[in-house]
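Colleague: I'm new to this structure and would love a close look at one part of it. Could you walk me through the surroundings of the ligand?

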Amino acid sequence: MSRLRHVLSAQQLVDQELLGELFSSAAELEQQDKTRTLELPLRGRILATMFYEPSTRTRFSFEAAMQKLGGGVLTAENALDNSSASKGETIADTVRVVSGYADAIVLRHPAIGTAQVAADVSPVPIINAGDGAGEHPTQALIDIYTIRKELGRIEDLNIALVGDLRNGRTIHSLLPFFCKAPGISLTLISPPQLRLPGKYIRMLQEADTRFAETTRLARVEPADVVYVTRVQRERFSSEAEYDAVKDSYRIDLHVADSLKPRSIILHALPRTTEISPEVDQDARAAYFRQARNGLFVRMALLRYLLA
Ligand code: NCD
């Protein structure tokens, strides 16, 4: 496989050799961080984070990752208002300019395909940190890393995907990984309005990945991984449509107790009501560990792209 330049879609990441390299690098960086023996391979390099949609984890973890590796950060948070976008500048023009100041750009934008638009004009790597209801490939990388770390494998697993499968971009980016791994069986749990789009159903069919669609949360019981998503309010065209589905599912203590003892519960966060706070104490609640892993996986990715 040729070396990755831009990170736009999870399809570019489903390569055993690349995953092996990134994951062992992430584990090594975590160890070095713990023992305070990190080197600074990105000294003098600059990462721009351009966020046209809200973010906490993604932006902070990319920025922390860059700084821990010795690099610097330029940041436009709330970029719709706080950049020249508010004066009518196109993304392509902004990227042409920012790529003259930064060695890589992390971009989040509400419109599907924006990362590709940026990559088409950018001389420096573009990292898609979420393009609307499209993809969020680095989150999926973190999720796969977390599953491996917690359960020791990503094959032969029963995985339940719960919630907003229509709009959840982390789900869309996870699917290519599941299609590649042998022995995966997916249970897609969503209200009818939030079913996985046809494009992704076809992806599963073409890969011969086992899956079943259901509206019933009780179907999480046999899962090794319960991956819960927030209903993506910002993608609905009316409040009424959102209200109709926002409380469809809730993982509470009762549901958690029904899971297998060696299972894990994941969530890219932020959560609203879909996982009760009482569940956090359960050893199977892995979502805060997952968020922490984001730092090291993003360090590994930045080092891979820039060192
Ligand atoms: C996710 C996102 O932005 O897609 N969050 C994240 O990056 N950790 C999930 C979400 O917002 O629901």
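Modeller: Happy to; here is a walk from the chain as a whole to the ligand and its surroundings. Please keep in mind that this is a predicted model.

To get your bearings, the chain holds 11 helices and 9 strands. Its C-alpha atoms fill a box of roughly 50 × 45 × 40 Å along the principal axes. A compact globule of 307 residues would have a radius of gyration near 19 Å, and the chain agrees because its own value is 19 Å.

Now for the ligand, whose space is the largest pocket. Around the ligand you will find R57, T58, R108, H136, Q139 and R169, along with T170, R230, Q232, A268, L269 and P270. By kind, this shell divides into 5 polar, 4 charged and 3 nonpolar residues. Two helices, α2 (57–68) and α7 (169–180), each supply at least two of the shell residues.

Let's look at some individual contacts. On the side-chain part, Q232 places an N or O atom 2.8 Å from an oxygen atom of the ligand. The backbone takes part too: an N or O atom of the A268 backbone lies 2.9 Å from a ligand nitrogen atom. With L269, a polar backbone atom is 3.0 Å from a nitrogen atom of the ligand. As for how covered the ligand is, it exposes 310 Å² when taken alone, and the protein buries 93% of that.

Definitions and conventions
Residues are numbered from 1 along each chain as its sequence is written. This is a predicted model: local features need pLDDT of at least 70, side-chain atom pairs count only at pLDDT 80 or more; totals for chains, interfaces and linings use all residues. Side-chain values use heavy atoms; hydrogens and water are left out. A residue is near a molecule or strand if one of its heavy atoms lies within 4 Å of it. A polar contact is a pair of N or O atoms within 3.5 Å; within protein, one must be able to donate a hydrogen and the other to accept it, and residues adjacent in sequence count only if both atoms are side-chain atoms. Accessible areas come from the Shrake-Rupley method with a 1.4 Å probe; for residues, only the protein chains shown count as cover. On a 1 Å grid over the protein atoms alone, a cavity is a set of points where a 1.4 Å probe fits but cannot get out, and a pocket is an open set with protein on both sides within 12 Å along at least five of seven lines; lining residues have an atom within 4 Å of a point. A molecule sits in a cavity or pocket if more than half of its atoms lie within 2 Å of its grid points. Helices (H or I, at least four residues) and strands (E, at least two) are DSSP runs, numbered from the N terminus. Ala, Val, Leu, Ile, Met, Phe, Trp, Tyr, Cys and Pro count as nonpolar, Asp, Glu, Lys and Arg as charged, and the others, Gly among them, as polar. The radius of gyration is taken over C-alpha atoms; the globule rule is 2.2 Å times the number of residues to the power 0.38.
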